[in-house]
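Subject: Structure for you to look at

Hello,

Here is the structure I said I would pass on. Please look through it first, then read the notes below.

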Amino acid sequence: MTQCHDFACALPAQTPAQSAAQPASTTALPAAAQSAPTIDFFHDVVCGWCYVMSPRLRQVASELGLRVRQRSFVLQASRAEMVATFGSMEQAKHTILGHWEACARHDDAQRIDIAGMRRESFEYPSGMAGALACQAAQILEGDAAHWDLFDAIQHAHLSAHRNIGDAEVLLDIATRTGFERNAFARCMESPEALHLVHQDRALAQRMGLHAIPTLIAPGLPPQQTQPLAALRERLRGLLG
């Protein structure tokens with residue numbers, strides 16, 4: 001069964017995949033990678049369904065030789081947006097952990113620690129700080145590094161129930177992922193990282209997307225979280 005997740009509980013519009021065409025990353029790529037079918041992976045670091053989807057997408061992309069382009073789609077970018085959506089920060093945490101329960105039932109490796117997050121006293125974070133960190137990785141080392149850091153931040157959030165709204169926590173994660181802490185901090189705080197977050201969010205909004213994760217691929221309707229076999233079968237169609 002296809003699962004889609006949006007903290008506002010809305011399904012994405014069925015935007016034609018062709019409308020997702022954007023200039024490729026300026027990062028130099030081998031010729032084979034440049035010619036591989038490209039999937040745009042719209043995600044948010046605080047999204048449980050993204051945590052379920054990412055390892056499945058990694059496996060299928062590796063099997064089929066697909067290129068995955070990372071897109072930060074932050075559903076709530078600030079505390080004010082969280083309150084506007086949920087009514088209060090307490091209600092935000094209560095509602096979102098209810099979503100986590102559904103995600104945990106579909107997670108292949110049973111990694112989501114709902115009880116651990118419920119015990120934490122910090123407010124449930126928006127995805128903005130984590131998106132800035134992911135875009136810093138993008139700037140410094142490209143899509144692969146962006147994806148690696150995204151997965152590491154999601155693990156810290158959903159498995160280790162750390163406060164990924166805290167810049168110091170994000171810097172710890174980035175350092176463990178292999179980045180030099182001070183250089184990464186400068187990049188994470190840069191106007192360029194913020195611009196990339198806004199650019200991806202604006203792209204998602206122009207495409208009429210309201211849910212994460214969403215995969216956009218040429219010739220296919222938008223795809224949300226689905227079982228590994230179904231994802232493989234659908235994306236195999238990109239190979240002609």
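An axis here is a line fitted to C-alpha atoms, for helices over the stretch in contact, and angles run from 0 to 180 degrees between N-to-C directions. Helices (H or I, at least four residues) and strands (E, at least two) are DSSP runs, numbered from the N terminus.

This is a predicted model, in which local features need pLDDT of at least 70 and side-chain atom pairs count only at pLDDT 80 or more, while totals for chains, interfaces and linings use all residues. Residues are numbered from 1 along each chain as its sequence is written, and side-chain values use heavy atoms, with hydrogens and water left out.

The chain holds 11 helices and 3 strands. Of its 240 residues, 53% count as buried (under 20% relative accessible area, 1.4 Å probe, protein chains only).

Now to one helix pair. The axes of α8 (residues 167-177) and α9 (residues 181-188) come within 10 Å and cross at roughly 130 degrees. The two helices are therefore oblique to each other; oblique covers angles that are not under 35 degrees (roughly parallel), over 145 (roughly antiparallel) or 65 to 115 (roughly perpendicular). Their crossing is right-handed, meaning that the near helix is turned clockwise from the far one by less than a right angle.

Which residues meet in this pair? From α8 come A167, E168, L170, L171, D172, A174 and T175, and from α9 come R181, F184, A185 and M188, with contact meaning heavy atoms within 4.5 Å. By class, this contact has 7 nonpolar, 1 polar and 3 charged residues.

Regards

Terms used. Nonpolar A, V, L, I, M, F, W, Y, C, P; charged D, E, K, R; others polar. Buried < 20%, exposed > 50% of the residue type's maximum accessible area, 1.4 Å probe, protein only.
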